[in-house]
Amino acid sequence: KGFKGVFCIIDLFMLNYIALLIPLFLGLIALEWWYSIKQNDSRYHAPNTVLNMAVGAIDQFGALLYLLLLYMALVFSQKHFQWLILPNDWRQWLLAFLSVDFVSYWYHRFSHRINLLWAGHVTHHSSSYFNLSNGFRTSPFQGLFRIPFWMILPVFGFDPLVLVVTFKVIGLHDFFVHTSYIPKLGWLEWVIVTPSHHRVHHGKNEMYIDKNYGSALIVWDRMFGTYQEETEAVEYGITSKYEDDSPLHAIVFHFKQIIEQVRKTRGWLNKLKVLLMPPGWGVVYLDVAHVDINGEKSTEKGVVYYAIWLLITGVLGFVGILFSYAILPPFTVSYCFLLAVGNIVQSAILLNQSETANFGFWESFRLMGFGLFGYFLLETLIPLGYLVMGWIFISGIGFAVLKSRYFGKKSQNN
């Protein structure tokens with residue numbers, strides 16, 4: 001119970017399993033990407049894929065807070081509102097699977113029909129590409145907005161620990177349905193959510209919009225009238241105007257639109273409706289250039305190499321800290337997480353050519369800041385400290401060259 005239980009959950013069912021599965025997920029993405037290149041079907045686009053990974057890294061970092069809040073909310077609900085008592089055996093686990101998947105269906109459905117919830121979910125749908133890397137593209141706001149929905153389950157006797165484990169296990173299924181290469185799966189199409197079902201869910205074709213909300217089981221969609229079979233080629237993305245720009249833009253762009261819509265809407269009741277009505281109610285979307293998914297952005301080779309360097313070291317650092325966090329001080333874990341996530345985010349910004357005129361200054365500031373704090377690692381964890389300082393030294397030299405050749409000129413041109 002309490003905080004001990006919270007950290008137990010984070011320890012057992014968050015960081016450890018992510019550390020083990022991220023290399024597997026990345027390997028499957030690489031395999032699917034290789035197959036896409038072999039087929040010459042353009043189902044992967046490097047800037048988009050790296051941006052998906054950056055959004056995922058931000059989400060996993062935020063999930064540390066989200067799991068803490070989720071567990072505390074479930075314990076609070078159990079303590080103050082529990083109505084039933086369930087047997088502490090396999091029957092509770094089976095009922096938990098069905099109940100969590102049922103609640104997931106309704107949360108997902110509400111997330112498409114309530115504008116404020118859509119702002120936390122649209123990040124997952126805004127990509128014009130559909131591949132395994134989309135499984136990473138989840139906003140941290142989505143996890144936060146889910147908490148009130150899960151709080152109903154402890155009322156019926158479910159143990160918070162059972163619920164969190166079940167939720168994370170069902171979440172694994174979500175990754176594998178983000179592929180366009182697996183065809184329909186026969187009789188399984190009647191029971192579980194398959195890649196075909198989820199392709200429909202991500203489509204912006206008129207007949208596919210707001211269909212197939214299920215997480216693990218498709219039976220809820222069949223029961224409640226939201227099922228749609230894949231019958232025509234899927235056009236992926238969202239119907240409103242949107243262009244991939246940066247990971248932060250992908251996460252907050254719809255919140256910005258809502259704020260602008262509320263500002264332009266007259267009357268407090270109408271302002272409230274902007275939040276609670278379906279997306280796009282009342283006010284036309286802001287004028288944002290639409291993405292050209294067939295267009296390739298040309299980026300200077302040196303910038304590409306630096307972005308790849310950030311991406312590789314960011315992913316290795318992220319996975320490494322997940323494996324070793326239990327033996328490291330909290331300051332070191334936070335430092336390394338922020339450094340790794342920052343690397344992946346900066347890589348996505350560079351590859352999507354969305355850096356601002358002041359990017360050179362802020363990247364220099366980031367490297368110097370981490371270098372300054374990294375000095376303290378030398379006094380506590382000498383091997384890790386030298387590794388981090390070595391990375392900062394190499395990155396600093398490389399970026400100094402880039403800054404003089406590229407970012408300095410870009411700043412002057414702007």
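This talk walks through one predicted model of a protein chain, from its overall make-up to a few individual residues.

Let me start with the whole chain. Its secondary structure comes to 14 helices and zero strands, so that, read from the N terminus on, the elements run α-α-α-α-α-α-α-α-α-α-α-α-α-α. The protein chain has 414 residues, and 50% of them count as buried. If we take the contacts with a separation of 6 or more, residues 24 or more positions apart account for 78% of them.

Now to the cores. The largest nonpolar core has 55 residues, and those with the most contacts inside it are Tyr 306, Phe 318, Tyr 335, Ile 344 and Leu 350. The helices that each supply at least two residues of this core are α1 (2-39), α2 (46-81), α4 (115-125), α9 (247-264), α11 (301-324), α12 (330-351), α13 (359-380) and α14 (382-413). Which helix gives the largest share of this core? That is α12, with 13 residues. Apart from this core lies another one, of 20 residues, and among its members are Leu 70, Leu 74, Ile 170 and Ala 216.

To see the larger core from one of its members, take Tyr 306, which, leaving aside its neighbours within four places in sequence, is in contact with Leu 350, Glu 363, Leu 367, Ser 395, Phe 399 and Leu 402.

Not every position in α12 is buried, however, and Ser 334, whose place is in that helix, can serve as an example. Ser 334 counts as partly exposed because its relative accessibility is 38%, a value that falls between the limits of 20% for buried and 50% for exposed. The C-alpha atom of Ser 334 is separated by 9.4 Å from that of Ile 321, the two residues being 13 apart along the chain.

I would like to turn next to α5, residues 140-150, and to its surroundings. At the start of α5, a side-chain oxygen of Ser 139 reaches to within 3.1 Å of the backbone nitrogen of Phe 141. Within the helix, Pro 140, Gln 142, Gly 143, Phe 145, Arg 146, Ile 147 and Trp 150 are buried, and the buried residues of α5 pack against α2, α3 (90-113), α4, α6 and α9.

Two of these partners deserve a closer look. How does α2 lie against α5, at what angle and with what distance between the axes? The two helices pack at an angle of about 15°, with their axes 9 Å apart, and that angle makes α2 roughly parallel to α5, because angles under 35 degrees are counted in that way. On the α2 side, the contact is made by Ile 58, Asp 59, Tyr 66, Leu 69, Leu 70, Ala 73 and Leu 74, and on the α5 side by Pro 140, Gly 143, Leu 144, Arg 146, Ile 147 and Trp 150. The crossing of α2 past α5 is right-handed.

With α4 the arrangement is as follows: the axes of α4 and α5 come within 7 Å and cross at roughly 135°, which makes α4 oblique to α5. The crossing here is left-handed. In this contact Leu 116, Leu 117, Gly 120 and His 121 of α4 meet Phe 141, Gln 142, Phe 145 and Phe 149 of α5.

Moving on along the chain, we come to the loop between α5 and α6, where Val 155 is found. Is Val 155 buried or exposed? Val 155 is buried, because its relative accessible area is 15%, and the cut-off for buried is under 20%. Its contacts, leaving aside neighbours within four places in sequence, are with Ser 77, Phe 81, Gln 82, Trp 83 and Leu 84. The C-alpha atoms of Val 155 and Lys 79 are separated by 8.8 Å, although the two residues are 76 apart along the chain.

After that loop comes α6, residues 160-176, where Pro 160, Val 162, Leu 163, Val 164, Val 165, Thr 166, Phe 167, Lys 168, Ile 170 and Phe 175 are buried. The N-terminal end of α6 is capped by Asp 159, a side-chain oxygen of which lies 2.8 Å from the backbone nitrogen of Leu 161.

I will finish with another loop residue, Ser 246, which lies between α8 (219-224) and α9. Ser 246 counts as buried because its relative accessibility is 11%, and, not counting residues up to four places away in sequence, Ser 246 touches Leu 51, Ile 349 and Ser 354.

Definitions and conventions. Residues numbered from 1 in each chain as written. Predicted model: local features only at pLDDT ≥ 70, side-chain atom pairs only at ≥ 80, totals over all residues. Heavy atoms only, no water. Core = buried A, V, L, I, M, F, W, Y, C linked by side-chain atoms within 4.5 Å. Buried < 20%, exposed > 50% of the residue type's maximum accessible area, 1.4 Å probe, protein only. Helix = DSSP H or I, 4+ residues; strand = E, 2+ residues; numbered from the N terminus. Contact = heavy atoms within 4.5 Å. Polar contact = N/O pair within 3.5 Å; in protein donor to acceptor, adjacent residues only side chain to side chain. Axes fitted to C-alpha atoms, helices over the stretch in contact; angles between N-to-C directions. Parallel < 35°, antiparallel > 145°, perpendicular 65-115°, else oblique. Left-handed = near helix turned anticlockwise from the far one by under 90°.
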